[in-house]
Every structure is written in C-alpha cells, then in structure tokens.
Amino acid sequence: MRADVLRVYTHPACLRHDTGPGHAERPERLTAVVEALGASFATLAWRDAPPASRGQLLRVHDARLLDEVLETHPAARIALDPDTVLSPHSAEAALRAAGAAVAAVDAVLGGEALRAFCAVRPPGHHATAGTAMGFCLFNNIAVAARHALDARGLERVAVVDFDVHHGNGTQAIFEHDPRVLFASSHQWPLYPGTGARNETGAGNIVNAPLPPDANGAAFRAAWRERLLPAVDAFRPQLLLVSAGFDAHARDPLAQLRLQADDYAWITAELVALADRHCGGRIVSSLEGGYDLVALAESSVAHLRALGAA
Ligand SMILES: [Zn+2]
C-alpha cells in the first residue's frame, strides 16, 4: 500500500468545545481551516481523530488535571481561568485534539503517512503538566512527543513552535527531559511572559523572542541563525510542530507582521531539516491563529509546503 503524503486528522467534536460569545478561540477557526484545506487540495487523506487514552495523557499530565477536564461534566460553561473555558462538550474535544497528535505519530512512524497535520481545537502549548491555561486544556504536542518516546521507542524528538505566544507548557514539561529539544519563536513581551533567551532547560530549550512589529525578515533570521541550527545539531528522529498562525500581521491578539509566505518558508525549512534527519517525518498540530482570513491562507501555505497538492 502506498503511504499517504499528507494525512489530516480532525473531528467534529472539536467544533463543540464552546468557549462562548466573543471568545477569540472559537469554533469558526477550525471551520475556516478545514474549508480552506478542502477547497485548496485534492490529495489530502482525511482521518477522524481518535480520542487519546488516559494512559497516553498521563505521560504528560497529572491525574488531577485529567479529572478536572474529563470528570467535571459541566452543565454550562465554566471558566478555569479568565481565558480558558470548559463547556459541556469540551472533554471530548480535548481528548480528540490530543488523540489526533498521537494517531498522527503512529501513522508517520508506522509508514502509513509521510507527514500529518492535526486540524484540531482546543490548542495545547500553554497547558502544563498540572494546569489548563491560555485556551489550552491538554498539551497535544507534548502528549505526542511522549508517545513517540515512551510507546514508540524514539530517543530524540524535536518540538518546534512558531505560534506568536511562547509555548510555556511545552517548555515546562520538557525542560528536564533532554530527549526532547524545544525551539520557539514568539513575540516578547506578550502572554504568557516566558520564553527569554536565557531559559535553556537542560540545554534542550532554545527561545527566540521577537519584539512587537517584527516582520517576516526578522522571523526568518531568528530561525535561520538561532533555532534551525539548534534543531539540526540535535538530529531529531521525528519533528513535531506547534503550528500557530497568530504571528500573521492580521492577527488581533499580537503585533508581529508575518505573511502567509513566511509560513511557507519556515515549513519548507522544516521539511528540508526532516529530510536530513528523520526520513521527512513531520507531525504538525494547530495551535493559535485568530483572524479567520489569515488563519485560512496561512494553514494552506503550511500544508502546501508539507506536500499537499
Ligand atoms: Zn498563540
């Protein structure tokens, strides 16, 4: 059987995580991505995201957080913090968002697909081992990384994060786990306030903070000069991507000035890096991106560079 070039995991349950009126992280984001990908590419292999298992989540998260997200069963929306909402259907969305990344890892490592993209919400990179925060319930990409290491036997996994916000949760989860390299560009200062250059973990954390109004040239320079060489030197056996598109100039939550073309560029660089070290294997998962036009065109640029046609 011929492997899929690019598999896309999503699930309707991810649309039923209801953050409430006026919330930036809204179901329309995922609809915009799925519709844009469907309209742009004929060759995507779409799959329903399975739910993550409790055991898969426990590789990253405390049992207390699992109980908070999965066992609260709220009758109406409740706020876990000022940004982060748990609604009646959030538990299944969170399970499918994390499960997508796990299934994508299995598909890529099993040779069923060369690369995979997870079109899911809620996003994940702010969630720490014990705390849901910043629109994130479970840390989807961290659950995927631990699955690749602990269940699939890999020794080195890189997580790259170009969301405009720093992936504080991913950093905190892996800062004492040198099997994972975490490389992030982000606006600083900005929520959540972490991500300084001198946060280096066990030598496995590389941050490139960018000032407000930084444009695509500054973004590309940070990756070319600081982040990509670190990932290259790490020689990952699998490349995971926290793909947030909120560094786009149109995004309402931040002040960077990227265009869709910049996402095509970084993705092409990541594909070249994956080709050098890990047989091209990449799993990318949607994080932020809050302008629907920018989100649609940036995700299309990302997937085209990942091999969608
Ligand atoms: Zn973000």
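**Close-up 1. Glu92 and the residues around it.** In this predicted model, Glu92 touches His11, Ala13 and Arg16, leaving aside residues up to four places away in sequence. Glu92 belongs to helix 4, which covers residues 90-109. Is Glu92 buried, exposed or partly exposed? Its relative accessibility is 30%, so Glu92 counts as partly exposed. If you would like a distance to check in your viewer, try Glu92 and Leu80: they are twelve residues apart in sequence, and their C-alpha atoms are 17 Å apart in space.

**Close-up 2. The zinc ion and its protein donors.** Which residues supply the protein donors of the zinc ion? They are Asp163, with two OD entries, His165 through ND1, and Asp246 through OD, and these atoms lie 2.0 to 2.8 Å from the zinc ion. Along the chain, the donors follow the spacing D-x1-H-x80-D. That spacing brings together distant parts of the chain: His165 sits in the loop between strand 6 (157-161) and helix 6 (168-174), while Asp246 sits in the loop between strand 9 (238-243) and helix 8 (260-277), 81 residues apart. The four donor atoms subtend angles of 52 to 154° around the zinc ion, and the arrangement is therefore irregular. For a bit of background, four tetrahedral donors would ideally give angles of 109.5 degrees. His165 counts as buried because its relative accessibility is 8%. Asp246 counts as buried too, because its relative accessibility is 0%.

**Close-up 3. The aromatic pair of Phe135 and Tyr290.** How many aromatic pairs does a search of the whole structure find? There are five. One of them joins Phe135 and Tyr290, and this pair is edge-to-face, with 5.6 Å from centre to centre and 75° between the planes. The two residues come from distant parts of the chain: Phe135 lies in the loop between strand 5 (113-118) and helix 5 (140-151), and Tyr290 lies in the loop between strand 10 (282-286) and helix 9 (292-306), 155 residues apart. Both Phe135 and Tyr290 are buried. For Phe135, the relative accessible area is 15%, which is why Phe135 counts as buried. Take a look at the backbone here as well: Phe135 is not a glycine, yet its phi is positive, at about 75°.

**Close-up 4. An aromatic cluster.** Which residues make up this cluster? Phe162, Phe245 and Tyr263 form one aromatic cluster.

**Close-up 5. Strand 10 and its neighbours.** Strand 10 is mostly covered, with five of its five residues buried. Following the side chains, you will find Ile282, Ser284 and Leu286 pointing one way from the strand and Val283 and Ser285 pointing the other way, all of them buried. Strand 5 and strand 10 run parallel and are joined by four bridges. A handy landmark is Ala116, whose bridge partner in strand 10 is Val283. Strand 9 also pairs with strand 10 in the parallel sense, over five bridges. Here you can start from Leu239, whose bridge partner in strand 10 is Ile282. From strand 9 the chain crosses through helix 8 to strand 10, and this β-α-β crossover is right-handed.

**Close-up 6. Two cis peptide bonds.** Where are the cis bonds to be seen here? The peptide bond from Arg121 to Pro122 is cis, with omega near 0°. Pro122 lies in the loop between strand 5 and helix 5. The peptide bond from Trp188 to Pro189 is likewise cis, with omega near 0°. Pro189 is found in the loop between strand 7 (180-187) and strand 8 (205-210).

**Close-up 7. Arg235 and its backbone angle.** Arg235 has a positive phi of about 55°, although Arg235 is not a glycine. The residue sits in the loop between helix 7 (216-234) and strand 9. With a relative accessibility of 48%, Arg235 counts as partly exposed.

**Close-up 8. Glu35 on helix 1.** Glu35 is part of helix 1, which covers residues 27-40. Is Glu35 buried or exposed? Its relative accessibility is 56%, so Glu35 counts as exposed. For a second distance to try in your viewer, pick Glu35 and Ala254: they are 219 residues apart along the chain, and 25 Å separates their C-alpha atoms.

Methods: Residues are numbered from 1 along each chain as its sequence is written. This is a predicted model: local features need pLDDT of at least 70, side-chain atom pairs count only at pLDDT 80 or more; totals for chains, interfaces and linings use all residues. Side-chain values use heavy atoms; hydrogens and water are left out. Donors are N, O and S atoms within 2.8 Å of the metal (3.2 Å for Na, K and Ca); water is not among the atoms, so sites may look incomplete. Four donors count as tetrahedral if all angles lie between 85 and 135 degrees; four count as square planar and six as octahedral if opposite donors are over 155 degrees apart and all others between 65 and 115; anything else is irregular. Buried means under 20% relative accessible area, exposed over 50%, partly exposed in between (1.4 Å probe, protein chains only). Rings of Phe, Tyr and Trp (its six-membered ring) pair if their centres lie within 6.5 Å; planes under 30 degrees apart count as stacked, over 60 as edge-to-face and the rest as tilted. Two strands pair if DSSP finds at least two bridges between them. A crossover is right-handed if, with the strands pointing away from the viewer, the path from the first strand over the helix to the second runs clockwise. Contact means heavy atoms within 4.5 Å.
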